[in-house]
Every structure is written in C-alpha cells, then in structure tokens.
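Subject: Structure for you to look at

Hello,

Here is the structure I promised to pass on. Please open it alongside this note, and then read on for what turned up.

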Amino acid sequence: MRSVLYLLRRPPALAAYESVEMMLVSGVFDQPASVLFMDDGVRQLPAAQDGARVGRKDIAKALGALATYGVEQLHVHAASAAARGIGPADVALDVRWVGDDEARALLHGADVVVTD
Amino acid sequence: MRISLLILGAPLTTDAPAQALRFARAAVAAGHRVHRAFFHKDAVAIANRYVSLPGDEVDIAALWLEFAQRHDVEATVCVAAGARRGVVDEGEAARAGRRGATLREGFRIAGLGEMVGAMLESDRTVTFGA
C-alpha cells in the first residue's frame with residue numbers, strides 16, 4: 001500500500017487542523033502514514049498551547065488522537081524546533097526528533113508527500 | 001501513469017488551482033491520465049456557484065470544469081472543508097438546516113476518504129499548496 005508523509009510547515013490554524021483530519025482518514029484506511037513537523041509547523045507541538053485564548057480550536061487533542069488511528073510516526077525537525085525555542089520538554093506527544101538527513105530520508109522514502 | 005491532484009490553495013489569493021490545471025494539462029499532453037482532482041481547504045472556494053467575476057478576470061472554475069469534462073477527470077470538493085466555507089450541495093445544505101446548494105454544477109462533494117483512496121489508486125499524487 002502506498003505510504004504517505006504529511007509535511008506540516010505552517011503555524012497552528014484551521015489549515016493544520018484540516019491536515020490532521022486527512023491524517024485520521026489515512027489511519028482509518030490503514031494507509032502507512034507518518035508526519036513531519038518542520039519550520040513553523042513545529043508550533044503545533046508544545047503541550048502548553050491554549051487555542052481557546054485566541055479563539056481557536058486546539059489542535060493538541062486531534063494530534064493526540066492520531067496514534068489511536070494508527071498514525072504513530074510523528075517526526076519533528078529538530079533544527080526548526082530549536083530555532084523557535086521548542087525542545088523535548090515542551091512536547092507531550094510521542095515524537096521522534098530528526099536532523100536534516102533523516103528529514104530528507106523521510107521525504108524521499110514516502111510514496112506520497114502531502115504538504116499543508 | 002495515473003495521477004491524482006490535491007489542491008489546497010484558494011483560487012483568488014493563490015495560484016494553486018491554476019498551477020494544478022497547467023500541470024494537469026501537461027500531464028495529459030504527455031500521455032498520462034489524471035484520475036481525480038480533489039479540492040480541499042481554501043481551494044473549495046473554486047466550487048462556489050455564487051462567485052461572480054468581473055468580465056476581464058479568468059474563471060478558473062470554468063477552465064477546470066471544461067478540462068475535467070473533456071478528459072473524464074473527477075472534480076471533487078471536500079465535504080468538511082466545503083461546509084466550513086459555505087460550499088455545499090443540496091444534501092449538505094439540508095443537513096445543516098439550510099436551503100439551496102451553493103456548489104457549482106460539474107463539481108462533486110466527496111469525503112476525505114476519496115482523496116486517500118485516490119492516493120492509493122494513483123501512481124502519483126501531487127499537492128498544490130497554499
């Protein structure tokens with residue numbers, strides 16, 4: 001079955017939430033799916049975020065549901081996170097921190113890459 | 001090769017639907033088959049039948065529909081993204097307690113499952129982001 005890598009590069013907003021909806025559907029279809037948070041996409045991850053304070057639906061709950069749907073491979077581009085002051089202590093989700101080479105390998109390894 | 005397209009960018013403020021159409025035309029010209037075009041996120045605005053453009057502006061929706069019809073391509077619009085942005089068929093309008101469809105004729109409302117299905121059924125899937 002064709003594998004998909006969801007590449008999230010944008011900050012938290014409806015667009016990211018709608019990407020997560022598609023990830024959940026990939027999970028329902030048992031499609032091998034993984035996620036790479038890169039650039040401003042890493043801003044989805046901090047556990048301390050509170051979307052309600054800016055009148056926005058919180059994405060953290062949806063991201064937390066991914067594993068239940070079989071989307072278990074969440075990757076964070078470490079340099080993107082570091083550049084935004086986000087470290088492992090800020091993230092409650094089970095994620096893998098990857099460097100440039102591994103991020104590149106993920107992009108090349110997936111049959112389909114879906115951006116946000 | 002069988003190709004599906006995922007189009008995310010809005011028709012007026014991004015080049016995504018126009019770029020996807022140029023790509024689709026080139027793909028067909030090169031002998032490939034475009035299986036499904038799936039409009040998601042802000043791209044669903046392309047299917048709003050109440051859009052009324054000044055005469056000197058390009059109606060990208062009309063160009064897409066003409067291409068889709070000529071080459072038997074499914075032009076589908078995400079049901080959830082459409083509902084959020086007021087692009088609904090009769091059924092979705094009724095479900096939301098509204099009257100009247102806003103979906104332009106020629107487009108079809110579909111669930112995200114159809115996009116994931118297209119990914120699985122196609123040799124290539126190309127995303128046109130915002």
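Start with B:K41, in the loop between strand 2 (33-39) and helix 2 of chain B. Its phi is positive, about 50°, although B:K41 is not a glycine. Is B:K41 buried or exposed? B:K41 counts as buried, because it has 25 C-beta neighbours inside 10 Å, and the cut-off for buried is 20 or more. Bear in mind throughout that this is a predicted model.

A second residue with an unusual backbone entry is B:D72. It is not a glycine either, and its phi is near 55°, again a positive value. B:D72 sits in the loop between helix 2 and strand 3 of chain B. Here the surroundings are sparse enough to call: B:D72 has 9 other C-beta atoms within 10 Å and is therefore exposed.

**Strand 3 of chain B**

This strand covers residues 74-78, and B:E74 lies in it. B:E74 counts as partly exposed, because it has 16 C-beta neighbours inside 10 Å. What does B:E74 touch, leaving out residues up to four places away in sequence? The contacts are B:R36, B:A37 and B:R108. B:F38 is 36 residues from B:E74 in sequence, yet their C-alpha atoms are 8.0 Å apart in space.

B:V77 is in strand 3 of chain B too. B:V77 is buried, since 27 other C-beta atoms lie within 10 Å. Setting aside neighbours within four places in sequence, B:V77 is in contact with B:F39, B:V44, B:A47, B:G82 and B:V87. The list goes on with B:L103, B:F107, B:R108, B:I109 and B:A110. B:I60 is 17 residues from B:V77 along the chain, and 15 Å separates their C-alpha atoms.

**The nonpolar core**

The largest nonpolar core has 70 residues. Which of them touch the most other members? They are B:L5, B:I7, B:A37, B:F39, B:V44 and B:V77. Helix 1 (residues 14-28) of chain A gives the most to this core, with seven residues. In general, nonpolar side chains tend to be buried together in soluble globular proteins.

Take B:I7 from that set. Not counting residues up to four places away in sequence, B:I7 touches B:A16, B:P17, B:A20, B:A37 and B:F38. B:F39, B:H40, B:A43 and B:F128 complete its contacts.

**Two helices in chain B**

Helix 1 (residues 16-29) and helix 2 (residues 60-70) of chain B pack with their axes 10 Å apart. The angle is about 25°. Angles under 35 degrees count as roughly parallel, so helix 1 and helix 2 of chain B are roughly parallel to each other. Their crossing is left-handed. Helix 1 of chain B brings B:P17, B:A18, B:L21, B:A24 and B:R25 to the contact. Helix 2 of chain B brings B:I60, B:L63, B:W64 and B:F67. By type, the contact residues are eight nonpolar, no polar and one charged.

**Where the chains meet**

How many residues of chain A are in contact with chain B? There are 15, and they meet 15 residues of chain B. On the chain A side, helix 1 and strand 5 (112-115) are the elements that give two or more residues. Helix 1 of chain A gives the most, with six. That side of chain A divides into eight nonpolar, three polar and four charged residues.

Best wishes

Note on methods:
Residues numbered from 1 in each chain as written. Chains lettered and ligands numbered in written order. Predicted model: local features only at pLDDT ≥ 70, side-chain atom pairs only at ≥ 80, totals over all residues. Axes fitted to C-alpha atoms, helices over the stretch in contact; angles between N-to-C directions. Helix = DSSP H or I, 4+ residues; strand = E, 2+ residues; numbered from the N terminus. Parallel < 35°, antiparallel > 145°, perpendicular 65-115°, else oblique. Left-handed = near helix turned anticlockwise from the far one by under 90°. Contact = placed C-beta atoms within 7 Å. Nonpolar A, V, L, I, M, F, W, Y, C, P; charged D, E, K, R; others polar. Core = buried A, V, L, I, M, F, W, Y, C linked by C-beta atoms within 7 Å. Buried ≥ 20, exposed ≤ 12 C-beta atoms within 10 Å, placed from the backbone.
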